[in-house]
Amino acid sequence: MSELLSIKEASQWASEHLDKNVTTSNIAYLIQYGLVKKVGENGSTQIIKEELIEYYKDYKKFRQDNWKDQLGEDLNWTLSFDQYKEAETTKHVHRLHPYKGKFIPQLVEYFLDGHTDKFKKETYFKKGDIVLDPFAGSGTTMVQACELGIHSIGIDVSAFNTLIGNCKVAKYNLAEVQTEIERITKALRLFVLDSHVIEFEEKLLRELYLFNNKYFPVPEYKYKVKRREIDEKKYGEEKEKLFLTIYNQLVKDYRIKLHQESRVSFLDKWYSQHVRDEIQFVHEEIQKIKDKETKNIISVILSRTIRSCRATTHADLATLVEPITATYYCGKHGKMCKPLFSIVKWWETYSKDTVQRLADFDQLRKSPFQNCLTGDSRAIDIVDELKKENPEFAKLVSNQKIKGIFSSPPYVGLIDYHEQHAYAYDLFGFERKDELEIGPLSKGQGREAKQSYIQGLSEVLNNAKKYLVDDYDVLLVANDKYNMYPTIAENAGMQIVNQYKRPVLNRTEKDKGAYSEIIFHLKKMNYG
Ligand SMILES: C[S@@+](CC[C@H](N)C(=O)[O-])C[C@H]1O[C@@H](n2cnc3c(N)ncnc32)[C@H](O)[C@@H]1O
């Protein structure tokens, strides 16, 4: 007979076994998703120890040893930040808005702060220094610099990224932000009352609840799928079809407009007419706000909201495939799911979440100078551009100069940075500069793309050098599988003096392969 464990015992056993905190909710998740079987009734839930052993088999080896086998002995496990929970790696303002390609704040902190250890034998920045991030993205470097009292300049070619970065480090009158949110929420609630959408959704959710309970009971259904006792694809398709009759009737009864007439822009294509109307309504309410900071942060809330309301399946949230307008079988949740018909829920959730995050950060932050500039880092005149935004900071940069760079450049052919926020460009009307992105996904990873990447990165470093002190430290986080950084450094008159090799864990569910990135430490060629 195999040993049975309660959820608590299982979490204790797994924590010891893995040498990392496995909570009771982690175990509950395994049961919920049918990864281990539940034995016993509510209140006395138990699981079979052998199943847990099986589930965690290879876990440890897969992590440290296996990774070192694959990636080399010089892998610096400290930099995996394995011990941090998601809540810590997405703490306070770091999760104001989704952004693909963000680095974790603990990594930035490791290099910006004043500690040393067996890998980091010297410090690179101290309070009052200026750090530059020429590929600022969503502003992680700026936020961490702000916590440490280091002045920071970010640059990004995408205007929407700059908005996110600046919103993260801005100071707010939180009472005013709250008042504006309440005003807009109240108006939005009245606005949706006029349509039948809320009633329709309530009715639909009820029908879905009954249907899912009947055909996709938790956790038995997923367990059966895991054990291949049910052919998920066939069964899912069958039930999807069955539910469509109910769905279509409701759509008819409540006269729901599933499509917009025009299908040209992103906003036309990816939102139902109702959602689109609500977006427009909130957008117009935001235009009435006078204070610039308040207006910006509330725009970011709207953007985050509409990102969550795109007409996509849960499985395709990260990489959109085709807009959906009907209920569908969702492999991720193992039941029938529905697209969104109103933004109210996400608007309210994100409004509350944002105010909380701003308040949390307010407790931690210092008040250095900080600005994220929109521009092409190959050519931008940093002091001139800064002068327009913050003359005092521009003066400091001219006199004191920048101590160093901490940045993660785009990788070659991986992400289209403008496109990932296409909805925000449509809504806010920011000018797109896709053609100025270095290493975009759309240009691939061919020879030409690599050449142009090397040239682009070299130009960025050469441009930045004009503003750097003589004994600068440049730290670049990169996945250099094509070995381009030695050439980039040379082109920029720099030398690579050290390389920190860090394992990248906790990537997406689908992609759990061994993967590392390097933090290159560059200094002036022949310096000292
Ligand atoms: C890997 S991301 C940086 C992510 C950032 N470290 C973070 O935590 O959010 C690279 C960024 O470089 C920007 N970028 C690409 N080409 C650029 C250029 N020519 N000038 C300035 N920024 C550029 C992209 O828009 C993207 O936001």
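Start by selecting Tyr472 and Lys524: in this predicted model, the Tyr472 side chain reaches the backbone nitrogen of Lys524 at 3.5 Å. Keep Tyr472 selected and turn on the cartoon, and you'll find the residue sitting in strand β10, which covers residues 468–478.

Now switch on a surface. Is Tyr472 buried or exposed? Its relative accessibility is 4%, so it counts as buried, the cut-off being under 20%.

Next, show what packs around it. Setting aside neighbours within four places in sequence, Tyr472 is in contact with Lys403, Lys465, Gly493, Met494, Leu522, Lys523 and Lys524. Lys524 is the residue you already have on screen from the backbone nitrogen contact.

Time to zoom out. Add Asn173 and draw a C-alpha to C-alpha distance from Tyr472: you should get 37 Å, for a pair 299 residues apart in sequence.

Last stop, the second largest pocket. Select Asn166, Lys292, Asn371, Cys372 and Glu389, which lie nearest the pocket's centre among its 20 lining residues. Colour α8 (159–169), α15 (292–308), β8 (370–374) and α17 (382–389) to see the elements that each give two or more residues to that lining. Which of them gives the largest share? That's α8, with 6 residues.

While you're here, try colouring the lining by class: 10 residues are nonpolar, 6 polar and 4 charged. The space they surround comes to about 560 Å³.

Note on methods
Residues are numbered from 1 along each chain as its sequence is written. This is a predicted model: local features need pLDDT of at least 70, side-chain atom pairs count only at pLDDT 80 or more; totals for chains, interfaces and linings use all residues. Side-chain values use heavy atoms; hydrogens and water are left out. On a 1 Å grid over the protein atoms alone, a cavity is a set of points where a 1.4 Å probe fits but cannot get out, and a pocket is an open set with protein on both sides within 12 Å along at least five of seven lines; lining residues have an atom within 4 Å of a point. Grid points are joined across faces, edges and corners, and a volume is the space filled by probe spheres set on the points. Helices (H or I, at least four residues) and strands (E, at least two) are DSSP runs, numbered from the N terminus. Ala, Val, Leu, Ile, Met, Phe, Trp, Tyr, Cys and Pro count as nonpolar, Asp, Glu, Lys and Arg as charged, and the others, Gly among them, as polar. Buried means under 20% relative accessible area, exposed over 50%, partly exposed in between (1.4 Å probe, protein chains only). Contact means heavy atoms within 4.5 Å. A polar contact is a pair of N or O atoms within 3.5 Å; within protein, one must be able to donate a hydrogen and the other to accept it, and residues adjacent in sequence count only if both atoms are side-chain atoms.
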